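Here is a walk through two strand regions and a helix. Follow along in the sequence and the 3D view.

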Amino acid sequence: MLLLTDDLGWQDVKCYDIDEPSPMETPNIDAFAKKGVMFWQGYSPTPVCSSSRCAIISGNHAARAQKTSIVGGAPPAPHSKHSRVMDPWYSGRMPADEMTIAKALRQNGYATGHSGKWHIAISHKAFPQPKDVGFDYTQSSRGARRSMDDRLAGFATKEKKDPFRLDENGFPFHQTNEDALTFLNDNKDKPFFLYYATWLVHAPIHTRSQALLDKYTKRLGTDPAHPPTKDIPGQQNPFYCAMVEELDYYVGTIFNYLDETEDPRWPGHKLSENTYVIFTSDNGGMEGSTKERYTDNEPLARGKISAMEGGTRVPLLIAGPGIAPGVQTDVMANGLDFYPTILSMTGTPKPPNKNLDGCDLLPLLHNNPTDAELVKHADGTTRDTMVWHFPHGSAMESTIRVGDYKLVRNFDHVGNEGTAPLELFQLYDSSSGDAKRVDIEEAKNLAESNPELTQSMNKKLTAALAEMNASYPYYNPASATPLPNQDKVCTVESHQRHGQQVSVTYKENGARVTNADLIYTLNGGEQYEEWYRKPATLAANNTVTVELPVGTTHYYLNLIDENQFLRSYPEVVGKGKSFIGTALSTQQEPSAAPNKPTKTRAKGKGDRNIPFDRWDTNKDEYLSLDEYKNGLVGKSDLEERFNRFDMNGDGKLSRDEFVRKKR
């Protein structure tokens, strides 16, 4: 069983509590920690949920998979005119044909189940879903984590009709937990794999238990109507503390079920004696919003959405057959290790040609959990290095951990006063054998005092990212903050398209164009609009050429120069969740006007596209039912006629559906 919590910080669990005492109570998780191995240096694959989940389920490093943050699948664009740098393109999802750990286990006769959060695509409900990637059973109910209209009222009661009725211990009914228990109960007589992805302790920050809220309000001496703001340090939010205790209670029922239920295949023994359990978090603690502090990862720096220690270091507990109880270790481990470890735990063969970026932890767990020499790569070498790549948001970081040291590469340092391009920290001193704490706060930058190690680790980071073909952020040519070489960015002079062949010509203004990409979508304007990237060719005479993939509906062309500035043609302007407003459309004639979206060609008299263009009032290249009705005011049976046109049943008419039906 892989029990993955959501945004649970390293300091949110009582057994990890160091320095300032934590006000939270986690008796069930603390008790579980004593049944197996507790990792003090456990890490998530990334500092955010979606990319971390994809990495865990696929076994692929986020940089290799081009899935480095949440959502994704959009054209690169600056967040605002004040953005000095912009995120690179990254995938919107894990591919459906990925050989996931669930697929591998199912091939080995395991029943595979999922309960709770999913989020390995643009949206929780977008493709692919759990059953698309190997799970036999899946339930995604939010249970008691559904939003409350007022978190100061409407608490759960003991009334039978209350959907969140309190149980005998005063905790709200939580459907997500019940779904996990249902899977275990239905599959206890066979090999099973349960991926229980709790919604706790992610926002919304609330509890349906008034008793829990009152308990922590009294303990903290705070006013729940005025929770701590982000500038107030410490774990002072009574709602969040209540949520952590709720999490502990619910996972406790899972631990109890395994401890108390006889294994049908092994009479006289309990399921817990025959089940490996991995407990961890998808990323570090989310410290809060602009208005409210949720938790505090102190002494770790920052939190979720940063590759600093607070964003990636997480609780990690593993127990099961052959694992000694009550062991604490300083050996580094990572969520990428779960895939190869689970294969080893279950005797499942590694799928042919399957890439795995983590290491098998079972030799460590079964032999000596404190011996880092037992964590080895597939080639037999000992692992002493981990890499994180998060070129996103306000963080814009890549980091590398080599032994006791950690290097941070800050991409947004040009024009960003006070931000160094490289930072070096010594987290521990293991020279005497034990990991002695030195600077887990990442407060003392040693880059200047130790330039040789800094450059050595930086080269190692570059090599690791290059091997994975990682994508880097771009400088924004329209940045309001002046940047070096900003005036040398190329300009696009013309655009041509002949069938599926597309080209643009450009003028260099002092900086050489070194790379070009096609950014395209196959479903422009649809609910889950997703954009992909394809390399384009730099041809003679300052020309870029590329062939549009079959089915392309809209596209942009990106030119990157030697200074890492990105020129997008046309300039990307998003409209809500759609970027087709300024994109080039395959339904339109190409225009020679530079940096402007193309216009729809005027049609001759009698052309079947004229009604479509006229009725498409929002110019999204689709007709809604309302647009269709407005175009045929006075006609009868409009809805029935619309449904006949709508051949794929998506509730809107594409140009092809409209024209094909009229013919």
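Two strands count as paired if DSSP finds at least two bridges between them. The model to which this is applied here is predicted.

Start with strand β1, residues 2-5, which runs parallel to β6 and is joined to it by 3 bridges. One residue pair to look for: Leu4 has Ala197 of β6 as its bridge partner. Strand β6 also pairs with β4, residues 111-116. That pairing is parallel too, over 6 bridges. Here His114 stands opposite Tyr195 of β6.

How many residues of β6 are buried? The strand spans residues 192-197, and 6 of its 6 residues are buried. Side chains in a regular strand alternate between the two faces of the sheet. In β6, Phe192, Leu194 and Tyr196 point one way. Phe193, Tyr195 and Ala197 point the other way. Both sets are buried.

Now move along the chain to another sheet. It is open, has 4 strands and follows the order β10-β11-β12-β13. The pairing is antiparallel. Its edge strands are β10 (385-390) and β13 (422-426), each of which pairs on one side only. Neighbouring strands are turned by 15° against each other on average, direction ignored.

Within this sheet, β12 (residues 405-410) and β13 pair over 5 antiparallel bridges. Lys406 has Phe425 in β13 as its bridge partner.

Which helix lies across these strands? Helix α11, residues 451-467, lies across β10, β11 (397-402), β12 and β13. Its direction is at about 70° to β12.

How values were computed:
Residues numbered from 1 in each chain as written. Predicted model: local features only at pLDDT ≥ 70, side-chain atom pairs only at ≥ 80, totals over all residues. Heavy atoms only, no water. Helix = DSSP H or I, 4+ residues; strand = E, 2+ residues; numbered from the N terminus. Axes fitted to C-alpha atoms, helices over the stretch in contact; angles between N-to-C directions. Contact = heavy atoms within 4.5 Å. Buried < 20%, exposed > 50% of the residue type's maximum accessible area, 1.4 Å probe, protein only.
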